[in-house]
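Please read the report below with the model open beside it, looking at its pockets and then at a pair of helices.

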Amino acid sequence: MLIIDSQVHCFYSNTPEHPWPAGAAPVHGPEYPIEQVQSVMDQNGVQATVLVPPSWNGWDNQYSLNAAVAQPTRFGVMGRFDIEAPDAQARLKTWRDQPGMLGVRVFIQGDPWLSLLKPEQSWFWQIAEATRLPVMSTIPGNIAGFEPILQQFPELRLIIDHAGRHPRGALDDGAWTDADQLHALARFPNVSVKVSSLPCFSTQPYPYPNLHAPIKAIYDRFGPQRMHWGSDATRLTSTYGENIRLFTAALDFLNAEDKSWIMGRALANALDWKL
């Protein structure tokens with residue numbers, strides 16, 4: 001079975017040769033180099049990984065892109081994009097011309113990212129829809145904020161991060177109180193969901209019984225062809241293998257075909273990634 005990890009933050013340490021931006025503060029450790037990503041993949045039978053450069057490496061996508069260029073069937077990149085750059089609109093139109101770049105990832109929290117919810121920034125979504133650019137994104141605590149965007153741009157290829165859960169929010173049942181906002185987006189056919197990092201939202205050990213019903217609710221609405229397994233390895237509270245087995249072994253409502261979609265095939269389709 002093809003297994004693709006839909007999100008790993010791969011980043012270099014802060015050194016004089018490769019300094020981070022002033023004031024950058026890592027929340028996932030001092031480094032997670034490509035060699036470590038490859039080791040975890042090899043140990044767990046993962047064939048490919050989407051690399052998501054983190055904010056504390058600034059706007060530098062090149063470290064991850066270098067890995068994707070060197071091993072294009074093993075790594076692809078959902079890059080960070082500066083919406084305030086003077087040439088932002090022109091750059092977005094040709095974003096995927098960069099070797100190894102699969103799309104863009106925007107975490108909509110704080111400035112300037114919250115401006116993406118305002119009409120004056122609709123150019124971002126318009127260009128993404130027009131160019132069929134995959135966008136991985138979430139609005140922590142306000143998934144319904146995507147509603148007006150998707151109503152205006154219904155063909156937008158939007159991939160919701162971490163099932164729309166707040167990465168620093170409530171756990172267990174409290175993590176899912178606004179799940180109806182996520183479920184409502186299932187009516188847009190090009191919206192899919194990263195069921196990534198979900199053990200981080202449970203205080204229960206593997207097989208995380210209180211995650212099964214929320215995952216089943218997503219499955220019932222989006223179906224396996226619009227669900228993407230992922231680890232977000234640098235913030236996992238479980239082992240990497242347990243996160244895999246949650247979907248390959250613990251969920252009795254998934255058949256073999258479902259698992260093949262969720263664990264990799266659906267993401268390759270959503271990103272136009274020819275593996």
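The largest pocket of this predicted model has a volume of about 660 Å³. Its lining is made up of 27 residues, and those that lie nearest the centre of this pocket are Pro54, Ser55, Trp56, Arg105 and Phe107. The element that gives the most to this lining is strand β4, residues 101-107, which supplies 3 residues.

The second largest pocket holds about 200 Å³ of space, and 14 residues line it, with Arg157, Pro189, Asn190, Ser192 and Ala270 lying nearest its centre. Two or more residues of this lining come from each of β6 (158-160), β7 (191-196) and α9 (256-270), and α9 gives the most, with 3 residues.

The table sets out the classes of residue in each lining.

| Pocket | Nonpolar | Polar | Charged |
|---|---|---|---|
| Largest pocket | 14 residues | 8 residues | 5 residues |
| Second largest pocket | 6 residues | 4 residues | 4 residues |

Helix α9, which contributes to the lining of the second largest pocket, also packs against helix α8 (residues 240-250), at an angle of about 155 degrees and with the two axes 10 Å apart. Because angles over 145 degrees count as roughly antiparallel, α8 and α9 are therefore roughly antiparallel to each other. Where these helices meet, Ile244, Phe247 and Thr248 belong to α8, while Lys259, Ile262 and Met263 belong to α9. Sorted by class, the contact of α8 with α9 has 4 nonpolar residues, 1 polar and 1 charged.

Definitions and conventions:
Residues are numbered from 1 along each chain as its sequence is written. This is a predicted model: local features need pLDDT of at least 70, side-chain atom pairs count only at pLDDT 80 or more; totals for chains, interfaces and linings use all residues. Side-chain values use heavy atoms; hydrogens and water are left out. On a 1 Å grid over the protein atoms alone, a cavity is a set of points where a 1.4 Å probe fits but cannot get out, and a pocket is an open set with protein on both sides within 12 Å along at least five of seven lines; lining residues have an atom within 4 Å of a point. Grid points are joined across faces, edges and corners, and a volume is the space filled by probe spheres set on the points. Helices (H or I, at least four residues) and strands (E, at least two) are DSSP runs, numbered from the N terminus. Ala, Val, Leu, Ile, Met, Phe, Trp, Tyr, Cys and Pro count as nonpolar, Asp, Glu, Lys and Arg as charged, and the others, Gly among them, as polar. Axes are lines fitted to C-alpha atoms, for helices over the stretch in contact, and angles run from 0 to 180 degrees between N-to-C directions. Angles under 35 degrees count as roughly parallel, over 145 as roughly antiparallel, 65 to 115 as roughly perpendicular and the rest as oblique. Contact means heavy atoms within 4.5 Å.
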